[in-house]
Amino acid sequence: MTSKVEVLRALKLLFEHHKALDKKEVLEKQSQEQSQMKERLAALSAHVTELEEDLDTARKDLLKSEDVNVKLQRDV
């Protein structure tokens, strides 16, 4: 009877060990995915900053064009 109990305990420990390993593999995968998402977010953030700068430049160019247009209309 004792040997059956020992076998059951050993199986339980083995199961818990495998369960812990599986959880570790899952956590490592999630950590890797999180790292990739952070990199992607940083790249997208940099792209948004670049687009905002381009938009600001375009607005300034538009204002200059409108000023030139007003001056040309006055001259005409």
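A residue counts as buried under 20% relative accessible area, as exposed over 50%, and as partly exposed in between. The exercises below use this scale on a predicted model.

**Exercise 1.** Classify L14 as buried, partly exposed or exposed, and place L14 in the secondary structure.

Solution. Step 1: the relative accessible area of L14 is 44%. Step 2: this value falls between the two cut-offs of 20% and 50%, so L14 is partly exposed. Step 3: L14 belongs to helix α1.

**Exercise 2.** Determine which residues join L14 in a nonpolar surface patch, and give the area of the patch.

Solution. Step 1: a patch takes residues with over 30% relative accessible area, and nonpolar side chains are joined within 5 Å. Step 2: L14 has 44%, and V7 has 46%, which makes V7 partly exposed too. Step 3: the patch consists of V7, L8, L11 and L14, and its area is about 380 Å². Step 4: V7 sits in helix α1, which runs over residues 2-75.

**Exercise 3.** Find how far L14 is from L62, in sequence and in space.

Solution. Step 1: along the sequence, 48 residues separate L14 and L62. Step 2: from C-alpha to C-alpha, the distance in space is 71 Å.

**Exercise 4.** Describe the conformation of the two spans that UniProt annotates, residues 17-76 and residues 27-68.

Solution. Step 1: an unreviewed UniProt entry labels residues 17-76 "domain: Liprin-alpha CC2". In the model this span is 98% helix and 0% strand, with 87 Å between its end C-alpha atoms. Step 2: the annotation "coiled-coil region", also from an unreviewed entry, covers residues 27-68. Here the chain is 100% helix and 0% strand, and 61 Å separates the end C-alpha atoms.

**Exercise 5.** Identify the residues of the negative surface patch, and state the accessibility of E50.

Solution. Step 1: the residues of the negative patch are E50, E52, E53 and D54. Step 2: E50 lies in helix α1. Step 3: its relative accessible area is 44%, so E50 is partly exposed.

**Exercise 6.** Count the salt bridges and explain how the partners K60 and D56 are placed along the helix.

Solution. Step 1: the structure has 1 salt bridge. Step 2: it links the side chains of K60 and D56, at 3.3 Å from N to O. This is within the 4 Å cut-off. Step 3: K60 and D56 are about one helical turn apart, because 4 residues separate them in helix α1. Step 4: both ends are partly exposed, K60 at 48% relative accessible area and D56 at 35%.

How values were computed
Residues are numbered from 1 along each chain as its sequence is written. This is a predicted model: local features need pLDDT of at least 70, side-chain atom pairs count only at pLDDT 80 or more; totals for chains, interfaces and linings use all residues. Side-chain values use heavy atoms; hydrogens and water are left out. Patches are made of residues with over 30% relative accessible area and no salt bridge: like charges are joined within 9 Å, nonpolar side chains (Val, Leu, Ile, Met, Phe, Trp, Tyr) within 5 Å. Accessible areas come from the Shrake-Rupley method with a 1.4 Å probe; for residues, only the protein chains shown count as cover. Helices (H or I, at least four residues) and strands (E, at least two) are DSSP runs, numbered from the N terminus. Buried means under 20% relative accessible area, exposed over 50%, partly exposed in between (1.4 Å probe, protein chains only). UniProt positions are given in the numbering used here, feature names are shortened, and annotations may be inferred rather than shown by experiment. Lys and Arg count as positive and Asp and Glu as negative; His and the chain ends are not counted. The place of a charge is taken as NZ of Lys, CZ of Arg, CG of Asp or CD of Glu.
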